[in-house]
Amino acid sequence: MNLSNALIIIESPNKVEKIQKITGAKVIATAGHFKGLTQDFLKDFDSYEPIFDFTDDRKKKNIFNAIKESEGKEVYIATDPDREGYAIGYFFYQMLKNKKPKSIKRAEFFEITESGIDKGICNAIPFSQSNMKMFESWKARAVGDKLVGFILSSKYSGVFKEKISVGRVQTPVLALIVQRQREIEAYEKLPLKEKVDYKIKAISSKNGKEFYLINNNLYNDKQEALSIINDLPNIAKCYEIESKETKSSPKAPLRTSQLQEFASKTLGISTSRVMECAQALFEKGLITYHRTDSNALSKEFLDELQSYLSNEEWYQRREYKAGEQSQAEAHEAIRITHYHSQSQIESLIQESNIKQELQGDCKSLYTLIYQNTILSQAKDCINSITDYTFTIKAMLFHIKSTKCLYKGFKGVFAEEISEEEEDKEIQEVEFSEGEEIAIAKLDTQEVKKKAPSSYKESNFISLLEKNGIGRPSTYATYLPTLIERSYIILEKKGKESIIIPTQKGISLIETLNNKEEWITKAQFTKEMENVLDCIAKGELQYTDFIRPLHQKMEFAPINEKDTKPSEKQIAYAEKLAKEQGIEIPKEIYEDSKECSALIEKLKKTKAPKPPSEKQIKLAEDLANKNNLELPKGYKDDYQVCSAFIDKCFKSKK
């Protein structure tokens, strides 16, 4: 691939060197968003048109350098293939489109490999033909979040007399955590009788191995169960045997939420750390794009795996659909970019030059993704589960036994990925029909009614996805934000971390539930996320998101701190009004926006400054000498006269 006359715009500086090496193009990174909403971020409340500006001078300089580099070149805007990435690319396109590039195209790189970049370049389309509604969707999200933050954060900071942060997404996330805490507290207050039931358990042994039989009847009163035990003999007879085959399939290739949950639970690291490592692996070309809501694998990659694995006895080609959550069929799940043996993982991580402090976790995460990718193309595990039914004085007792008939995907790697769900009642034992066994002991077994428990960090992401809160690019941000605001804490329990709300977080949600309940509801957030998706599809408009959101806050102004104009603004408005003989409205002395609007209006209607007699004479002499026609208004407007004079002198050079 030779793109020596091309400029590629990406987000991450860490990908620049690799993409330059693959393409031969000049590659410039924006380092994320380079434009953001200004302090007073809306022009008006009719159109809700936002005002954007550069986030800092360094990024501004970088972008103008990129625009300068683009002259005469083919430009590929290859910012990340999601809503946030598209918005960054859109801002660059708007600045570039009236300059002098040879072409401007939208490219999407789903993997930083030679084939992935080649595919992105080949499939690139003119940016003007890309789905610009994606920007409208991003704009709605950005403005909506800032609108809520400005109005409600300010309002409740006043209520609590301290800095309070209320957010369109973070607040319903906090509400879920607080609601669970209240459920736990309510359960703990219940009397013991309402928390526990009892079953009767018969304990025996065979070939030196202890096992137990369970009667499925539930008793609310322990004494009732014990009284029944007193009447039971110590002999059980095998009455019936039922066997059936069960199959368990490997995990599907992972989407973002599943990666965060599975990796956090398996590796014992935070979800934000998972995403930090995934970002590094993506940038080094080891995995595909890690912000995805798809479980699918591309046909090309399935073909590649088949060419390497088809001779393996356990191999089975499996195709996966994007999934119900997916917004784009073109996206893939998170997978390794190319097939290699497991023994190569160590050297791949070392050769990738990932930061030293990330290498250990990156290796663990890559191993997990590698195994998931390979196992997704393996056969089912087949077990035989046998249910033995015993009788003890006409009461039925059960024991389940399992036998592996075929390991399938569970036999591929020496260290199997453990199953999340495990039937704890399955024991390894075998009986024949009519067989009698001696019961060593009869006892009660507590069966705790399902008690609510604190959310775990590892499974909280899937809860957000289930409730329609957020998107793959934002899942990992909510908990760190809530921790930073002192609304929650994470408490370590073994490998897992549980989420506990602080008193500050509980108080905020209780107050909002009384005064602003809508902002705490996951359902409202889900509906608004659906509106954003509809905007991206062109089915709804930007204002269909913003106006109803603002209406929920009773159309409150975004900034009430300092509405009065400055002395300079007033003096300038008075000067313009005096020059044009206009009476100044009283409103401009109280409202800076009214004052600014009047200044703009007067500047447009202000009579132009006439040129001097010398300027007029010089313009006329030059017109006669060069046989040129004088421009209209040259005697009334010094700018028109000056422009004509300058034009004449330049033509002499």
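These notebook entries record what I looked up in the structure.

**Basis**

I worked from a predicted model, in which local features need pLDDT of at least 70, side-chain atom pairs count only at pLDDT 80 or more, and totals for chains, interfaces and linings use all residues. I numbered residues from 1 along each chain as its sequence is written, and side-chain values use heavy atoms, with hydrogens and water left out.

**Entry 1: an open sheet**

I took helices (H or I, at least four residues) and strands (E, at least two) as DSSP runs numbered from the N terminus. I counted two strands as paired if DSSP finds at least two bridges between them. In what order do the 5 strands of the open sheet lie? The order is 2-1-5-6-7, with mixed pairing. Strand 2 (26–29) and strand 7 (125–126) are the edge strands, each pairing on one side only. I then looked at how helix 1 (residues 16–23) sits: it packs on the sheet and touches strand 1 (6–10) and strand 2. The direction of helix 1 makes about 160 degrees with that of strand 2; axes are lines fitted to C-alpha atoms, for helices over the stretch in contact, and angles run from 0 to 180 degrees between N-to-C directions.

At the other edge, strand 6 (residues 103–106) pairs with strand 7 in the antiparallel sense over 2 bridges. I found Pro126 of strand 7 to be the bridge partner of Lys105.

**Entry 2: a hairpin**

I recorded that strand 16 (residues 488–493) and strand 17 (residues 496–501) run antiparallel and are joined by 6 bridges. They form a hairpin with 2 residues between them, and Gly494 in the turn has a positive phi of about 65 degrees. Ile489 stands opposite Ile500 in strand 17.

For burial I used relative accessible area: buried is under 20%, exposed over 50%, and partly exposed in between (1.4 Å probe, protein chains only). Strand 17 is mostly covered, with 6 of its 6 residues buried. In a regular strand the side chains alternate between the two faces of the sheet. Here Glu496, Ile498 and Ile500 point one way, while Ser497, Ile499 and Pro501 point the other way.

**Entry 3: helix 5 and positive phi**

I checked the length of helix 5 (residues 133–160) against the expected span, which is 1.5 Å times one less than the number of residues. Its 28 residues should span 40 Å, and the end C-alpha atoms are 39 Å apart, which agrees.

Lys161 follows helix 5 and lies in the loop between helix 5 and helix 6 (170–188). Most residues other than glycine have a negative phi. Lys161 is not a glycine, yet its phi is positive, near 60 degrees. Is Lys161 buried or exposed? Lys161 is exposed, with a relative accessible area of 73%.

I noted Ala31 as well, also with a positive phi of about 60 degrees although it is not a glycine. Ala31 lies in the loop between strand 2 and strand 3 and is partly exposed at 32% relative accessible area.

**Entry 4: aromatic pairs**

How many aromatic pairs does a search of the whole structure find? The search gives 22, with rings of Phe, Tyr and Trp (its six-membered ring) paired if their centres lie within 6.5 Å; planes under 30 degrees apart count as stacked, over 60 as edge-to-face and the rest as tilted. The rings of Phe34 and Phe91 have centres 6.4 Å apart and planes at 70 degrees, so I classed the pair as edge-to-face. Phe34 is in the loop between strand 2 and strand 3 (35–42), and Phe91 is in helix 3 (residues 83–96), 57 residues apart. Both Phe34 and Phe91 are buried. One aromatic cluster includes Phe34, Phe91, Tyr90 and Trp138.

**Entry 5: cysteines**

I searched the whole structure for disulfides (cysteine sulfur atoms within 2.5 Å) and found 0. For Cys362, the nearest cysteine sulfur is that of Cys277, 3.8 Å away; Cys362 is buried at 0% relative accessible area. For Cys641, the nearest is that of Cys648, 9.9 Å away; Cys641 is buried at 0% too.

**Entry 6: two loop residues**

Thr113 is in the loop between strand 6 and helix 4 (114–122) and is buried, with a relative accessible area of 7%. Not counting residues up to four places away in sequence, Thr113 touches Ile22, Gly285, Thr337 and His338, contact meaning heavy atoms within 4.5 Å.

Lys99, in the loop between helix 3 and strand 6, is partly exposed at 48% relative accessibility. The C-alpha atoms of Lys99 and Ile67 are separated by 7.8 Å, with their positions 32 residues apart along the chain counted as the separation.
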